[in-house]
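Subject: Structure for you to look through

Dear colleague,

I am handing over the structure we spoke about, and I would be glad if you opened it beside this message. Please read the notes below slowly and look up each residue as you go.

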Amino acid sequence: MIPRSTAGAGGALLLHGGPIVTNQGARATPQGGVTFDRLGYYVRGALLAVDGIVHAAGAEGEVRQALRALPEPRRRRIEELDLRGRLLLPGFVDAHTHPLYVGDREPDFAARLAGRAPELGMAYTVRKTRAASPAEREAALSAHLRTMFRHGTTAAEVKTGYDLRPEGELELLRTIVRVGHAPGMPRVVPTLTGPHAHAPEYDDDDAFVDALIERALPHARAAGGIYADAFCEPGYFTVEQSRRYLRAAREHGLRLRLHCDEFAAGGAAALAEELALDAADHLNRIAPDHIAGLARAGTVAVLCPTTVWYMGVAQPAPARAMLDAGVQVALATDFNPGTAPCPSLQMAAHLGRRLLGLSAAEALVGVTAAAAHSLRLRAGTLEAGERADAVVMEMGDPREFGWSFGGNLAAAVVSAGEAYT
Ligand code: ZN
């Protein structure tokens, strides 16, 4: 996508002439059963961004009043974008992605479809990522992030996890930081996911976790890490190993999220309450009595219906029970080459409705405000004072959100007040 304007850099941008959902009520209103009227839905709306920040958003008449109140030099430099009846939404936030890798795995998809076990597996992607030059890794991440951005994602959590050596994982963190602040891509929240898979250099996973604790975590903040994450699942990392890694990560100033109970029930979700995780992800096989623990801890359930679809998982996460219990539910792509090669939160929203039973309004909160909350990031709403990240969707009514699938309905993406088309 190319920038149409430079309104973000000292300028002002007015989007008008279409419906808008500002999400202004998303933080105060329970997500379960929410309707667009409670989220700030204006049939004829507008957004005014000044210096990359939302100055006013809502009914077009009120936004134009705010525009007239701007000092004269500002008003003369305003750029306008006519929505022509298209829907304006807050920019999407992807709360779980793995786009920093080299080594796609289509043959594994073909093998699965033929009923065979995948031959390449994550070990292949780890080998290719390790063997790639820094420039090749940056190019791959950049390409993936730009594709996500074109689909409306203006902020994304991005994980390491395809090097599996302490120093290599730190280098991946630095790569995320270097690439993730370029224009025309989502702003990134880097996560050190060292315990992502069995590391070939270590005989047992305990020794690998020890090495990460000793050699990676103490330097993770300085390398740009915000979060730590582990793949806590029977056959991967145990609850005890994950607890050890996450506790050490917290001591080094990282915030915590966790892959939990994706394919098998292993009790990982109990760590959500014990460690007050910001996010517990996947949760297809969460024990029913752990749902209340998520609610008590204020942990966001980051659900990835893309992997449920791609892997043919028979039992998706109990999203309705979570919403009924007062748990916030985010929808994420889990973008990765092995279990969800999907860069689009529009698709995640569709699958959130199709497989998890969310309504259009619940799904919108899932890819915006709830996802942002899982990252403790100020994003996902178009309230005055917030960063002006938005997406113009090729639809006239928000109730169509997550309905149509397979196309990219993002006609324009706005990042910090700058429109890309
Ligand atoms: Zn993942």
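The largest pocket holds about 510 Å³ of space, in a model that, please keep in mind, is predicted. Its lining is made up of 28 residues, and those that lie nearest the centre of this pocket are Arg105, Gly121, Met122, Ala197 and Tyr236. Two elements, helix 4 and helix 5 (121–131), each give two or more residues to that lining, and it is helix 5 that supplies the largest share, with 6 residues. When the lining of the largest pocket is sorted by class, there are 12 nonpolar, 9 polar and 7 charged residues.

The second largest pocket encloses about 170 Å³, and 14 residues line it, with Ala182, Pro183, Arg387, Ser415 and Ala416 closest to its centre. Here the classes come out as 6 nonpolar, 5 polar and 3 charged residues.

One of these central residues, Ala416, deserves a second look, since its phi is near 50°, which is a positive value in a residue other than glycine. Ala416 sits in the loop that runs between strand 16 (410–415) and strand 17 (418–420), and, with a relative accessible area of 24%, it is partly exposed. A positive phi is also found at His282, where the value is near 85° and the residue is, again, not glycine. His282 belongs to strand 12 (residues 279–282). Is His282 buried or exposed? Its relative accessible area is 1%, so His282 counts as buried, the cut-off for that word being under 20%.

There is also enclosed space to consider, for the structure holds 1 cavity of 30 Å³ or more, and the largest cavity contains about 40 Å³. Its lining consists of Pro90, Gly91, Thr154, Arg187, Arg378, Ala379, Gly380, Thr381, Arg387 and Asp389, which by class are 2 nonpolar, 4 polar and 4 charged residues. You may recognise Arg387, which was named above among the residues closest to the centre of the second largest pocket and which appears here in the lining of the largest cavity.

Next, please turn to the metal site. Which residues provide the protein donors of the zinc ion? They are His96, His98 and His259, each through its NE2 atom, together with Asp334 through an OD atom, and they lie 2.0 to 2.5 Å from the ion. The angles among the 4 donor atoms run from 81 to 167°, and the site is classed as irregular. Along the sequence, the donor residues follow the spacing H-x1-H-x160-H-x74-D. The pair of His96 and Asp334 links distant parts of the chain, 238 residues apart: His96 is in the loop between strand 6 (92–94) and helix 4 (106–113), while Asp334 is in the loop between strand 14 (329–331) and helix 14 (345–354). Both His96 and Asp334 are buried.

Finally, helix 14 is worth following from its beginning, where a side-chain oxygen of Ser344 comes to within 3.1 Å of the backbone nitrogen of Gln346. Of the 10 residues in helix 14, 7 are buried, so this helix is largely enclosed by the rest of the structure. The buried residues are Leu345, Gln346, Ala348, Ala349, His350, Leu351 and Gly352.

With best wishes

Definitions and conventions
Residues numbered from 1 in each chain as written. Predicted model: local features only at pLDDT ≥ 70, side-chain atom pairs only at ≥ 80, totals over all residues. Heavy atoms only, no water. Donors = N, O, S within 2.8 Å, 3.2 Å for Na, K, Ca; no water. Tetrahedral: all angles 85-135°; square planar, octahedral: opposite > 155°, others 65-115°. Helix = DSSP H or I, 4+ residues; strand = E, 2+ residues; numbered from the N terminus. Buried < 20%, exposed > 50% of the residue type's maximum accessible area, 1.4 Å probe, protein only. Polar contact = N/O pair within 3.5 Å; in protein donor to acceptor, adjacent residues only side chain to side chain. 1 Å grid on protein atoms, 1.4 Å probe; cavity = no way out; pocket = protein on both sides within 12 Å on 5 of 7 lines; lining within 4 Å. Points joined across faces, edges and corners; volume = space filled by probe spheres on them. Nonpolar A, V, L, I, M, F, W, Y, C, P; charged D, E, K, R; others polar.
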